[in-house]
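Biologist: I have a model in front of me and would like to know what stands behind the terms used for it. Please take me through them one at a time.

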Amino acid sequence: MKTIWIIAKRELNSFFDSLIAIIMIVLFLGFSGFFTWISGSDVFLVGQASLRSFFGIAYWTLFFFIPALTMRMLAEENRSGTIEMLLTKPVTDRQVILGKYLATIILIAVALVLTLPYVITISGIGNLDAGGTICGYLALLLISAAYASIGIFTSSITTNQIVAFLSALFIGLFFHIIFQIIASGMQGFFGQIINSLSMTVHFESLSRGVLDSKDLIYFGSIIFMGLFLTEVSLSRRNAYY
Amino acid sequence: MDIVIENLTKKYGNQKAVDNISLRVATGEILGFLGPNGAGKTTTMKIITNFIAADEGNVYIGGKSLRDDPQEIKKHIGYLPENNPLYQEMPVIDYLEFCSKLYNIDSSRVGSRVVEMIRTTGLNSEKHKKIAELSKGYRQRVGLAQAMIHDPEILILDEPTSGLDPNQIAEIRKLIRELGREKTVILSTHILPEVEATCDRIFIINKGKLVADGTADSLRKQAQGSDILRVRIEDGDPNQIFKSLQAVKAVSMVDFADRQLNRFDVHCKSEEVKREIFKLCVAKNWVLTEMTPFETKLEDIFRELTMN
């Protein structure tokens with residue numbers, strides 16, 4: 001556990017030193033703030049003290065930002081060979097992966113915490129549904145965790161950050177919209193299965209304030225699969241080096 | 001701690017990178033690992049340091065199998081990988097602190113270990129710079145510092161002096177020599193004089209297979225078969241001298257090295273031959289102006305063993 005934290009701390013320092021963290025947070029707050037308060041179906045247009053428009057836009061912003069955070073994590077280590085330096089220390093593959101994963105989650109959590117002023121202001125305008133808000137934040141954190149695990153996986157299969165970024169977006173796109181679109185044209189049992197694979201369906205039910213174990217299992221299994229495949233892909237070095 | 005390698009084999013596809021290598025390195029021994037590019041040196045080192053797993057065979061470090069508890073064994077190994085990969089964006093001090101924490105060094109000792117390593121490797125003036133800003137020589141020192149930060153019993157160094165200038169090479173060699181008194185060191189290199197200068201034992205591999213194992217002197221003996229003396233005798237007819245030399249008892253063979261200068265290569269059977277030649281010159285009233293033991297260069301041995 002201590003080792004995971006040491007690796008996560010180094011990763012966080014490198015986020016902040018390279019300004020990636022600052023840029024990501026500023027852009028995230030800028031985008032979500034703009035669409036929550038000023039443009040589109042903003043709070044004033046809807047006329048309700050609700051964070052639904054914020055959750056909707058944050059859902060999309062995180063979809064693009066998370067691959068940008070995770071793309072360099074293992075791809076850069078593979079390219080520069082530092083992965084060899086790291087793994088010949090008393091550190092397991094799993095500790096490296098979890099350390100990097102933890103750093104990403106912490107950075108996203110920081111970004112989400114910084115949107116709390118939105119919550120405070122809106123709750124000043126009218127009656128805000130506390131349960132719904134907490135569930136909405138939980139949903140954002142869970143989709144971030146799911147996309148981060150996909151991002152770390154694509155970062156582990158390549159030495160090129162752009163390839164890692166684009167493949168994470170590509171895989172993410174299926175969960176984000178494609179499954180839902182396919183399912184809408186299908187009927188019956190098979191359609192239901194595809195529909196239940198869609199991240200959007202689970203995100204919407206959760207951010208509506210319905211805490212269902214099905215959704216939690218869904219996010220949990222994506223996170224597990226992503227991290228598991230990362231570990232498999234990292235151990236493939238035995239066949240190539 | 002000693003290192004025992006048993007029948008190590010590693011395949012990449014159909015190609016055997018390491019082919020049934022067995023090796024024993026005693027505590028306090030400095031082993032020079034030689035071989036042409038692609039011979040399997042780096043692969044062997046990656047297996048010893050547990051970065052990749054062997055297909056067959058096993059490595060025992062201090063009597064413990066690498067397969068049983070790799071995390072525990074890794075604590076006793078310091079490793080400088082080939083090309084010395086480092087986190088470029090980190091300052092030297094932060095990087096060394098990061099490494100010492102990964103080795104689970106007590107947090108009260110981290111500071112003093114880092115300072116000590118910076119002093120040992122001469123990084124004091126560069127310690128606050130980012131690694132990306134350092135010259136290659138200084139980066140190499142950072143690589144060595146991180147390998148030694150936890151005071152390991154075993155050091156595995158993959159081309160420790162590559163990219164250094166002659167002064168730095170001399171310093172690093174001296175450092176390795178000093179370390180080698182208590183630690184077990186395996187180092188790989190292309191620079192042959194370096195092996196002679198630093199290593200107790202030489203291990204040459206070619207195409208994954210062991211081709212030679214021994215001290216520099218024993219390898220030389222093995223390659224030559226006998227000692228060779230280079231002799232120059234003046235004030236005499238070359239052909240006559242040639243014949244007289246051949247007649248000496250302890251001489252097995254004589255070659256002309258340079259007819260104009262009356263230089264000969266004398267292959268000798270015993271140490272007696274030097275006295276015999278001297279006596280011969282006195283008797284014939286010739287002048288002996290040169291007599292040097294001729295050594296086969298390590299380069300030649302290396303080429304002979306690893307070509308074809």
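Modeller: This is a predicted model. Chain B is divided into domain 1, residues 3-221, and domain 2, residues 226-295. The centres of domain 1 of chain B and domain 2 of chain B, taken over C-alpha atoms, are separated by 46 Å.

Biologist: How many helices and strands does chain A have?

Modeller: Chain A has 13 helices and zero strands. Its pattern along the sequence is α-α-α-α-α-α-α-α-α-α-α-α-α.

Biologist: What makes the radius of gyration of chain A agree with that of a compact globule?

Modeller: The globule rule is 2.2 Å times the number of residues to the power 0.38. For 241 residues this gives a value near 18 Å, and chain A has 19 Å, so the two agree. Along the principal axes, the C-alpha atoms of chain A fill a box of roughly 60 × 45 × 30 Å. Of the 241 residues in chain A, 41% are buried. Among the contacts in chain A with a separation of 6 or more, 75% are between residues 24 or more positions apart.

Biologist: How many residues does each chain bring to the contact between chain A and chain B?

Modeller: Chain B brings 22 residues and chain A brings 20 residues. On the side of chain B that touches chain A, α2 (70-74) and α3 (92-102) of chain B are the elements that give two or more residues. α3(B) gives the most, with four residues. By type, the residues on this side of chain B are 12 nonpolar, five polar and five charged.

Biologist: Which strands of the sheet β6-β7-β8-β3-β9-β10 of chain B are called edge strands, and why?

Modeller: The edge strands are β6 (77-80) and β10 of chain B, since each pairs on one side only. The six strands form an open sheet with mixed pairing. On average, neighbouring strands of this sheet are turned by 15° against each other, direction ignored. Helix α1 (residues 41-48) of chain B packs on the sheet and touches β3 (30-34), β7 (154-158), β8 (184-188) and β9 of chain B. The direction of α1 makes about 150° with that of β7(B).

Biologist: How do you know that β9(B) and β10(B) pair?

Modeller: Two strands pair if there are at least two bridges between them. β9(B) and β10(B) run antiparallel and are joined by five bridges, so they count as paired. One of the bridge partners in β10(B) is K209(B), which stands opposite N206(B).

Biologist: Why is K207(B) called partly exposed?

Modeller: A residue is buried at 20 or more other C-beta atoms within 10 Å, and exposed at 12 or fewer. K207(B) has 16, which lies in between, so K207(B) is partly exposed. K207(B) is found in the loop between β9 (201-206) and β10 (209-214) of chain B. Its phi is positive, near 50°, and K207(B) is not a glycine.

Biologist: Why does a positive phi deserve a remark?

Modeller: Most residues other than glycine have a negative phi. N7(B) is also a non-glycine residue with a positive phi, of about 45°.

Biologist: Where is N7(B) found, and what makes it exposed?

Modeller: N7(B) is in strand β1 (residues 3-12) of chain B. N7(B) has 12 other C-beta atoms within 10 Å. The cut-off for exposed is 12 or fewer, so N7(B) meets it.

Biologist: In what order do the strands of the four-stranded sheet of chain B lie?

Modeller: The order is β12-β13-β11-β14 (chain B), in an open sheet with antiparallel pairing. β12 (251-258) and β14 (287-294) of chain B are its edge strands, as each pairs on one side only. Neighbouring strands here are turned by 25° against each other on average, direction ignored. Helix α9 (residues 238-247) of chain B packs on this sheet, touching β11, β12 and β13 (263-268) of chain B.

Biologist: How many bridges join the paired strands β11(B) and β14(B)?

Modeller: Strand β11 (residues 227-234) of chain B and β14(B) pair over seven bridges, in the antiparallel sense. T292(B) in β14(B) is the bridge partner of R230(B). β12(B) and β13(B) pair over six bridges, also antiparallel. There V254(B) stands opposite V266(B) in β13(B). The hairpin of β12(B) and β13(B) has four residues between the strands, and N262(B) takes a positive phi near 55° in this hairpin.

Conventions. Residues numbered from 1 in each chain as written. Chains lettered and ligands numbered in written order. Predicted model: local features only at pLDDT ≥ 70, side-chain atom pairs only at ≥ 80, totals over all residues. Domains from an automatic or database assignment. Contact = placed C-beta atoms within 7 Å. Nonpolar A, V, L, I, M, F, W, Y, C, P; charged D, E, K, R; others polar. Axes fitted to C-alpha atoms, helices over the stretch in contact; angles between N-to-C directions.
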